[in-house]
Amino acid sequence: MEVVIVPDAKAGGELIAEAMAKLLGHKPGALLGVATGSTPLPVYEALAAKVRSGAVDVGRARIAQLDEYVGLPADHPESYRSVLRREVLEPLGIGMEQFTGPDGTAEDVQGACEAYDKALSDAGGVDLQLLGIGTDGHIGFNEPCSSLASRTRIKTLTEQTRIDNARFFDGDIDQVPHHVITQGIGTILEARHLVLLATGEGKADAVAATVEGPVAAVCPASALQLHPHATVVVDEAAASKLKLADYFRHTYANKPEWQGI
């Protein structure tokens, strides 16, 4: 696992957007896995700026969804399909025909989960999966004690996650659904490159457990230690509890520029 410590969220967004641009440069039809929430916004803003400047062509790029609320209509403003349309697809000029995601309104939720896993496989797999991390170490909506071999499935959200997400529902936790469809940890680990972005002091404990703790289901993100190409990008605040922070700074500062992340 590579850990890159950046000055702030903007710098992290630019670094990851550059990695996405390089990927699209040699594989124009790459499948990019995207996450919702406030953390990845600097990535999407930086990538959109590259599109506007002509530095990257996303005409053939494909976008895959990480997770979705169960029961919210697809056109609900806080369904993740709607959020990604606003924050990713429209700014990049990508149409819905280049987007794939799970059906959170399906009567057969389990069938929808299995269908999405198959759709990702049929698409050739995710080339780069962008991840955020919860304060409890969850990735996607794989809450603590999720199986590290899990596939796309329905999950019940913890109370803390619903509290964290209430800010998107006018601060009203009662509006936050109790269930989601999420790519499982096993599904996520099949992406060719995993990039986790974490910013802010509130993520410091989770980052330390992910990077320096044992691989354990109590911290789902620790499964990234098992991946052959995982990059953790953190700002100074999120890196504040890393014991090996100085080593990570040294290794990145002396890394060949051509390698990227």
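This is a short chat about the pockets, the cavity and the sheet in a predicted model.

User: What makes the space lined by Met20, Leu32 and Val34, among others, a cavity and not a pocket?

Analyst: It comes down to getting out: in a cavity a 1.4 Å probe fits but cannot leave, whereas a pocket is open. The largest cavity has a volume of about 30 Å³, and its lining is made of Met20, Leu32, Val34, Tyr44, Leu47, Ile63, Val88 and Leu92. The elements giving it two or more residues are β2, α2 (41–53) and α3.

User: How many cavities of 30 Å³ or more turn up?

Analyst: Just one, from a search of the whole structure.

User: Why does Tyr44 in that lining get counted as nonpolar?

Analyst: Because Tyr is on the nonpolar list used here, along with Met, Leu, Val and Ile. So the lining of the largest cavity comes out as eight nonpolar residues, with no polar and no charged ones.

User: And what makes Thr36, Gly37 and Ser38 part of the lining of the largest pocket?

Analyst: A lining residue needs an atom within 4 Å of a point of the pocket. The largest pocket holds about 520 Å³ of space. Its lining has 29 residues, and Thr36, Gly37, Ser38, Asn165 and Arg167 are the closest to the centre. Helix α3 gives the most, with four residues. By class, you get eleven nonpolar, eleven polar and seven charged residues there.

User: Which helix gives the largest share to the lining of the second largest pocket?

Analyst: That's α1 (residues 9–26), with four residues. The second largest pocket has a volume of about 220 Å³, and Ala19, Leu23, His26, His193 and Ile261 lie nearest its centre, out of 13 lining residues.

User: How do you know that β3 and β5 are paired?

Analyst: Pairing takes at least two bridges between the strands. Strand β3 (residues 62–65) and β5 have two bridges, in the parallel sense, so they count as a pair. In one of the bridges, Ile63 has Phe99 of β5 as its partner. Helix α3 packs on the sheet here, touching β2 (31–34), β3 and β5, and its direction makes about 145 degrees with that of β3. Helix α4 (residues 109–122) also touches β2, β3 and β5, at about 155 degrees to β3.

User: Why are β1 and β5 called edge strands?

Analyst: The seven strands form an open, parallel sheet in the order β1-β10-β9-β6-β2-β3-β5. β1 (2–6) and β5 (99–100) each have a single partner strand, so one side of each has no neighbour in the sheet.

Conventions. Residues numbered from 1 in each chain as written. Predicted model: local features only at pLDDT ≥ 70, side-chain atom pairs only at ≥ 80, totals over all residues. Heavy atoms only, no water. 1 Å grid on protein atoms, 1.4 Å probe; cavity = no way out; pocket = protein on both sides within 12 Å on 5 of 7 lines; lining within 4 Å. Points joined across faces, edges and corners; volume = space filled by probe spheres on them. Contact = heavy atoms within 4.5 Å. Axes fitted to C-alpha atoms, helices over the stretch in contact; angles between N-to-C directions.
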